[in-house]
Structure formats: C-alpha cells, structure tokens
Amino acid sequence: MNSREEVIRDGLVVVDDNRGKIEAVDEYENKDKYFCDELYGGSGFIILPGLINTHTHIPMIILQGAGAGLTGFDWLRTIWLLESILKPRQVYVASKLAIALLLENGVTTFADHYFYEEEVAKAVEETGVRAVLAKTVIELSDYAPKHSLEDSLNFALRYKTGGDKRISGMIGVHSLYSCSLDTLRRSAELSESTGLRIHMHFSESLHEIEYISRRYNTSPARLAQEIGLLKLNPLLAHATYLSDEDVEVVSRYKPCIAYSPFTIMSWGQGIARVRELLDRKVNVSLATDGPVTDGDLSIFKQMKLAVAAQSSRYLKPNALTPKELLEMATIRAAECLGLKGVVGSIEPGKYADILVLKPSKARLVGLHDNPYSTLVMNVNSGSVYMTIVHGRILYHNGVFKSIDVEETFEKVVEERSRLLEEAGLRHL
Ligand SMILES: [Zn+2]
C-alpha cells in the first residue's frame, strides 16, 4: 500500500516498540542486519497494514439486534428511545468489548461517532487502539441524549493536536435531517475557524431524501453544498443516494466517503455510486457502521460485499478491483481520517499499525501471482493471527493483551439486562 505498490514475497518488518514506529521493511534474508529482541512469523504468514474502519458507533454493541426488521426513521426512533436511557458506564464497557472485536478482525484504527464519547476515548486510551472520535450532536429527536455543538467541538479540540496521533477528534454532527439549519451552519463555521473536520451521516436512506426534499426542497448533496459543509473536507458516511447532479456536486468538493455496504443493504436501502465517485477522484473508504446493524465489525466482509454490490449495480464484474478495495480498507481510509502520513501502509517512519494473517493453505493457492484477489476474496477475519497498534501487540493468536474479554463481556451482559429492564423490554 505504499506509493510504489511493493509486494515483498519473503519480507521482514522491523518495529521499534518504544517509539511505536516501523523502523525498516526489508527482505527476510537481511534479518541479521537488525538487532531484535523478538522475532515473530514464519512460512505462510501475511503482513498487511492494519485495517481501518472509517465510520462506526462501537458502543452500540450493547444494543445488538435492536431494530431488526425496521429501516430509516422507524429504525432510528427505536434506537434513539434505547439510547435515551443509556448510561455513560454502559458506553464505556460496551466500547471495550467492541474494541476486542475490532482487534480480532484486524482493525487497528476506527472512526467513531456517538454519545458520551469521552467514555469511548477512555476505552481507546486503555486498550491501545487508534481512533478518530466525534461526539454526536442530535437536535430533532425527542429521545436521544443531547450534546450541544459546543460540547462536541470542545471534545474534538481536546484531541486536536493529536499528541502521538493515537486519538484525534472531529466535530460530530449527526446528519442533515437531525440537526437544525442554524446548527449545521454554525458547525461549518466552526470547522472552518478551528480546522477540525466534520464527521456526519449523509444521504443514507430514501427517508432522508424525502425528508430533505419536503423540508428544504432540495437534495442532501445540494443542501450540504449550500450550507458550506462540502468544501470543508468532511467525512461523510454512506452517500447511498446521489442523483447525476449530486454526483457532480460531490465530485467538485471531494469530501471523504465512508461506505458500509452491509448495513445499508440489509436496511433494505440501495447501492451507492462508488465506482463513479472513485472515477471522479472522490476518496471512498470502507466502514461497518455500528455493531447493532453489523454485529461483527469486519472490514474483510465489507470488502467482499463491496465487490458484489458494485458489480451488481454496474452490471459488470470487478466494478471495484481487489486492489482498490484493499486501498479503501487501508491507505485511502487513512487519508479519509487525516492519517495518511501516519498509518495505512507499511513504511519506515510510519506508526506500526500492522495486521498479521495466517490463513489456512486452501485460501492461498493464488497468493503469489494474484495477492490482491487472494486477500480480498479468499481471506477473512478468521485468518487474523496478530494485530499490532502503535508498535504494541494487542491481539496474538486468540489472546487479547490489553482487554480482559471475559470480565468485560460479563459486564456488558449485566448492563444490557439493566437497560432492558429500564426500557420495560424482555428482549431487543
Ligand atoms: Zn452510522
């Protein structure tokens, strides 16, 4: 995933775990040039940049299964009702459990958007993963927790400089349909004056298209342009529905798009025009959305679904190539999150966010002559052997190094029962 698109057959990656950085990338035969305390690997391992999930709401793992069978605003109403009674401590334990799931899926960085986001930040700090966090602002709901735009801005400002870049912040406006025009305009002004980017849902469902048309007599793309949001390099989740004119508008400003095919398709919604956006140099990355709709947070699954969905939409195979998909899960995603010089490829000087796979032999028949296709079409999350973030091994052969998964799981299940009881429900 570096600019020279190098694939090394018998490779060696040297990591300085004190600095958290990649020190060297070399041929394995040169290993004696380096002094290393520990050596991992062997025949049949594959080393990749850590995968990046550019839009999720990880604490929603506690709501797994909620809203099944509903779509659009009906789904949102069900979820917001539950979120109105959600407690910060529940967001914290749920985040830790979801981070374990991300790590076993080989995800090293995620962009999150949720309520009580300082609890997600605490879980990120403790577990060692990398994240770009946004505190959600919703106004036009009677139920969801209320954070003001200033609150969201102050949260993001706390992480603006990024320090070692393990946590950075964005402004978390929920969507065009759930915030007032005044708030949307002010968020654009604040993004411009502070340099903080906006992470929001955008043109995700037919319900949104109808609502924006009824309320503002325009499309989400044209409304975002008019408010001044599109020119600010926002991170936009979905972009499911764009007219020909909308594609032109979006392409003019080139915002970053987070594409999560599983959630949107299983919601009964359509397929985004990803091929056309990429052809117009709009950066599109992959995402899972929250684990309430996609309970396994797997970017490998999104890659496979994106191949199928885009090929079906454009009625031609390989509408997205395996190489493009791997880029959308790594280097393009890093660019979408403002981390291109930091992670997304295995290069000396970048932070050591690395995924090691050990797939079964049956998945590797074409590896050497067709590595991209093998990785995207044949390998899955079950092949993840080791996940390294910032030079630290966080997951190794089924063992989590920074999370007590059993204890965290028990707490999440306990908190879920409390939530159900408070909501007067027997199940979700
Ligand atoms: Zn979302």
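**Notebook: a loop cysteine, two helices, a zinc site and a sheet**

I began with cysteine 179, which I found in the loop between S7 and H5. I note here that the model is a predicted one. I then asked myself whether cysteine 179 is buried or exposed, and with a relative accessibility of 0% it counts as buried, because the cut-off for that word is under 20%. Setting aside the neighbours within four places in sequence, I listed the contacts of cysteine 179 as Val137, Ile138, Glu139, Leu140, Val173, His174, Leu184 and Tyr216. For one of these, leucine 140, I looked up the C-alpha separation from cysteine 179, and it is 5.8 Å, although the two residues lie 39 apart along the chain.

**Entry on H5**

From the loop I moved on to helix H5, which covers residues 181–194, and I noted that its 14 residues reach 20 Å from the first C-alpha to the last, close to the 20 Å expected at 1.5 Å a residue. Which residues of H5 are buried? I wrote down Thr183, Leu184, Ser187, Ala188, Ser191 and Thr194. These cover an arc of only 150° around the axis, and they therefore lie on the same side of H5. The face turned away from that buried side carries Glu189, Glu192 and Ser193, which are exposed.

I next looked for what the buried residues of H5 pack against, and the partners are strand S6 (130–137), helix H4 (149–158), strand S7 (167–173), strand S8 (199–202) and helix H7 (220–227). Leu184, which I had already met as a contact of cysteine 179, is one of the buried residues of H5. After H5 comes glycine 195, for which I noted a positive phi near 80°.

**Entry on H6 and two asparagines**

In H6 I found Glu208, Tyr211, Ile212 and Tyr216 to be buried. Because they span an arc of only 95° around the axis, they are placed on the same side of H6. They pack against helix H1 (72–83), H5, S8 and H7, and Tyr216 also appears among the contacts of cysteine 179.

What follows H6? I found asparagine 217 there, with a positive phi near 55°, a value that I marked since this residue is not a glycine. Asparagine 217 sits in the loop between helix H6 (206–216) and H7, and with a relative accessible area of 69% it is exposed.

I also looked up asparagine 233, which likewise has a positive phi of about 55° although it is not a glycine. I placed this residue in the loop between H7 and strand S9 (235–238), and at 32% relative accessibility asparagine 233 counts as partly exposed.

**Entry on the zinc site**

Which protein atoms are the donors of the zinc ion? I recorded NE2 of His55, NE2 of His57, NE2 of His201 and OD of Asp289, lying 2.1 to 2.3 Å from the ion. The angles among the four donor atoms run from 81 to 171°, and I entered the site as irregular. Along the sequence, the spacing of the donor residues is H-x1-H-x143-H-x87-D. Two of the donors I checked for accessibility: histidine 55 is buried at a relative accessible area of 0%, and histidine 57 also counts as buried, at 7%.

**Entry on the sheet around S13**

Last, I turned to an open sheet of five strands, in which the order is S3-S12-S13-S14-S15 and the pairing is antiparallel. Strand S3 (46–49) and strand S15 (399–400) stand at its edges with a single partner strand each, so one side of each has no neighbour in the sheet.

For strand S13 (residues 384–389) I found six of the six residues buried, and the strand is therefore largely enclosed by the rest of the structure. Strand S12 (residues 354–357) pairs with S13 over four bridges in the antiparallel sense. Within this pairing I noted valine 356 opposite methionine 386 and isoleucine 354 opposite isoleucine 388.

S13 is also joined by four bridges to strand S14 (residues 392–396), again antiparallel, and here valine 389 stands opposite arginine 392. The hairpin of S13 and S14 has two residues between the strands, and in it I recorded a positive phi near 55° for histidine 390.

Terms used:
Residues numbered from 1 in each chain as written. Predicted model: local features only at pLDDT ≥ 70, side-chain atom pairs only at ≥ 80, totals over all residues. Heavy atoms only, no water. Expected span 1.5 Å × (residues − 1). Buried < 20%, exposed > 50% of the residue type's maximum accessible area, 1.4 Å probe, protein only. Arc of directions from axis to C-beta. Contact = heavy atoms within 4.5 Å. Donors = N, O, S within 2.8 Å, 3.2 Å for Na, K, Ca; no water. Tetrahedral: all angles 85-135°; square planar, octahedral: opposite > 155°, others 65-115°. Pairing = 2+ DSSP bridges.
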